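Thanks for coming. I will take the pockets and cavities, then one helix and one loop residue.

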Amino acid sequence: MSTVQSNEPQSTMPTMPALALALPRVEDEIRALATSSSLPIVNTFSGRITAAGGKRLRSVLVLAGSLAVSGEVTDKAVTAAACVELLHAGSLVHDDLMDNAEERRGVRTVNADWGTGPAVLVGDFMLARASQAALDRISPFAASRLAQAVTDLVEGQVLEVVDLYDVDRSPENALRSIELKTGALFEVGCVLAAHCADADEATTAAMARFGALFGLMFQVLDDLLDLASTSQRLGKPVGNDIRQGVYTFPLLRALTDDQRALLRRRGRELTDAELAGLLAELRRTSLVADTVEHCTALAAQAVRALPDLPGSEALGILRELPGAYLDWACSQMGQSADRPAQIA
C-alpha cells in the first residue's frame, strides 16, 4: 500500500548552487524536528526513519519553487521543505504498519522493531511535529495546508483499503486514491514554496496545479514499475501491489476478462507462480506503452501549469523534473520515453 520511494533516482534531481547550499540546511532541520521529542525512545525511531533518506524530491520542489518565484531561499522555505519531508516520513511509518513491512530503504521499520501500537504513535508524532513547526516558524496558513495534506493522505489510503482485492475497482477510483495519497504531498510542497516566496494567489494556484499533476504522474509510473520492471533493476520484489490486493490504475486498464477472473478467484491466495505468469502476460500487452503515453500527457500538463515567471535556472529545474523522472522510469523497464520536447 505504500508508495515506492526508495527508487527515486539521483539522476532525476537537477541541481544548482543555491539548491546545493540549501539542501543540507533542510537535512539539518529534518533531523532536529525528528528528534525533538522529550522522550529519547521516540527520537531514536523517528530519527532513524528520517536518516534513512530518500532523494528528497519534495524538498527540491519546495526550494526550486521558492527560488523560481522570488529568486531566493528563505529560512521559511527551508523549514517548509523539512516539514513536508517529515510529514512524508510519518506517513510512511503508518504505511509500513499497514503493510506489515519489516524494512524500508535498508532500515528496519518501527513496527518490526517496536510493535504495532508504538509505530502508530511515532508516525503520529512526526505528522504533528511537521504541522507544529509550520505554525511556529512559517504561518497559520502553512500549518493549515499541511494539516489538509494529512487529511488527504488519510482519505486516499481509506479509498485504497475499501477497494482491496476488488477487480471491479474503476481506474478512476484508483487515480483518485493516488491524487490524495501522493499528489497531495507534491501539491502542498509547491503551495508552501509559493507561500514562502510571498506569491500572489494566481501564482500559488498554478504551483499547486503543477505539484498535483507531477505527483499523480510520479505515482502512476511507480505503480507501473511494480508491474513492468524487474527485481534486479529495482532492487526489490515486483508485483507487491497485486500481492497486497492493491489493483492500480495501470493494472486495471490492462486486465483481460480471464485475468480478472483469475484475480477474483485467487486474489488473496495467488501463488508466486500465478503472479509471475500474470506479470509475464501483462508485459506482452500494451500496458507499458499505454501507461507511458498517459504519463507523458500528465508531464506535459504539469509543465504547462507552471506560472508565468521570469526565466531562471530554478524554473528550468521545475520544467525538467517531470520529464526526467519519466525518462528514468522508462529506463527501469528497458524502454525509452518518446516524449514531446516541451515537457523538458
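Start with the second largest pocket: its lining has 10 nonpolar, seven polar and three charged residues. Here Ala, Val, Leu, Ile, Met, Phe, Trp, Tyr, Cys and Pro count as nonpolar, Asp, Glu, Lys and Arg as charged, and the others, Gly among them, as polar.

A word on the source. This is a predicted model, in which local features need pLDDT of at least 70, side-chain atom pairs count only at pLDDT 80 or more, and totals for chains, interfaces and linings use all residues. Residues are numbered from 1 along each chain as its sequence is written, and side-chain values use heavy atoms, with hydrogens and water left out.

Back to the pocket. On a 1 Å grid over the protein atoms alone, a pocket is an open set of points with protein on both sides within 12 Å along at least five of seven lines; a cavity is a set where a 1.4 Å probe fits but cannot get out; lining residues have an atom within 4 Å of a point. Points are joined across faces, edges and corners, and a volume is the space filled by probe spheres set on them. The second largest pocket holds about 340 Å³. Of its 20 lining residues, Ser 91, Asp 95, Leu 153, Val 154 and Gln 157 lie nearest the centre. H4, helix H7 (140-162) and helix H8 (171-196) each supply at least two residues of that lining; helices (H or I, at least four residues) and strands (E, at least two) are DSSP runs numbered from the N terminus.

Now the cavities. There are five of 30 Å³ or more. The second largest has about 50 Å³, and the elements giving two or more residues to its lining are helix H3 (57-70) and helix H4 (75-99). Its lining comprises 10 residues, with Gly 53, Gly 54, Arg 56, Glu 85 and Arg 105 nearest the centre. By class, that lining divides into one nonpolar, three polar and six charged.

Gly 53 also comes just after H2, with a positive phi of about 90°. In H2 itself, the buried residues (under 20% relative accessible area, 1.4 Å probe, protein chains only) include Val 42, Phe 45 and Ile 49. The buried residues of H2 pack against helix H1 (17-34), H4, strand E2 (107-108), helix H5 (110-114) and helix H6 (116-137).

Last, the loop between H6 and H7, where Ser 139 sits. Is Ser 139 buried or exposed? At 11% relative accessibility, Ser 139 counts as buried. Beyond neighbours within four places in sequence, Ser 139 contacts (heavy atoms within 4.5 Å) Ala 134 and His 195.

Terms used
Buried < 20%, exposed > 50% of the residue type's maximum accessible area, 1.4 Å probe, protein only.
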